[in-house]
Amino acid sequence: MSGVKRKRHFLNDKQKLEILQKLDNGESACNDAEDVLNEGNTISHSAALQSVETLLDYIGQRGFDYGDITAVRKIYVDIRQEMNEQQKQRRITDFFKQ
């Protein structure tokens, strides 16, 4: 693996400034920095939901027991709730930017 190069993510000046402002206000900025640095490595909510739907179809065809299906449905609901929460936060942020 010596020939493999990892893509590095860096914060741009605007992102650094926003994080410093949050720190000045006494807010935690750890999650913000981590989210920015991991942007290229994350899977979208819609892609995750599609994968879970595919898994539900598969386990339905294979006759898995009810507990397994329920666990996968719980994952689907959790992803959907997180996606909705992020959309809600985005709408609130966009409202106050106007």
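Apart from neighbours within four places in sequence, A48 is in contact with I43 and I79. These contacts are taken from a predicted model. A48 is also one of eight residues that make up the largest nonpolar core, together with L49, V52, I59, I69, V72, I79 and M83. At least two residues of this core come from helix α3 and at least two from helix α4, the latter spanning residues 66-97. I79 therefore appears both as a contact of A48 and as a fellow member of the core, where each residue counts as buried.

The protein as a whole has four helices and zero strands. Along the sequence, the elements follow the pattern α-α-α-α. Of the 98 residues in the protein, 14% are buried. Among contacts with a separation of 6 or more, 47% are accounted for by residues 24 or more positions apart. The protein exposes about 8,600 Å², and carbon and sulfur atoms supply 51% of this area.

Part of the accessible area belongs to a nonpolar patch on the surface, formed by L55, Y58 and F64. Taken together, the three residues of the patch have about 270 Å² of accessible area. Y58 is found in helix α3, which covers residues 45-61. The relative accessible area of Y58 is 40%, and this residue is classed as partly exposed because the value lies between the 20% limit for buried residues and the 50% limit for exposed ones. The 40% value of Y58 is also over the 30% required of a patch member. Helix α3 thus carries Y58 of the surface patch and also supplies at least two residues of the nonpolar core.

Charged side chains were examined next. The structure holds one salt bridge. This salt bridge is formed by K74 with D78, and the closest N and O atoms are 2.8 Å apart. The separation falls within the 4 Å cut-off for such a pair. Both K74 and D78 lie in helix α4, at a spacing of four residues, or about one turn of the helix. K74 has a relative accessible area of 49% and is partly exposed. D78, with a relative accessible area of 33%, is partly exposed as well. Neither residue is classed as buried, because buried residues have under 20% relative accessible area. Helix α4 accordingly holds both partners of the salt bridge, in addition to at least two residues of the nonpolar core.

Conventions. Residues are numbered from 1 along each chain as its sequence is written. This is a predicted model: local features need pLDDT of at least 70, side-chain atom pairs count only at pLDDT 80 or more; totals for chains, interfaces and linings use all residues. Side-chain values use heavy atoms; hydrogens and water are left out. Patches are made of residues with over 30% relative accessible area and no salt bridge: like charges are joined within 9 Å, nonpolar side chains (Val, Leu, Ile, Met, Phe, Trp, Tyr) within 5 Å. Accessible areas come from the Shrake-Rupley method with a 1.4 Å probe; for residues, only the protein chains shown count as cover. Buried means under 20% relative accessible area, exposed over 50%, partly exposed in between (1.4 Å probe, protein chains only). Contact means heavy atoms within 4.5 Å. A nonpolar core is a set of buried Ala, Val, Leu, Ile, Met, Phe, Trp, Tyr and Cys residues joined through side-chain atoms within 4.5 Å.
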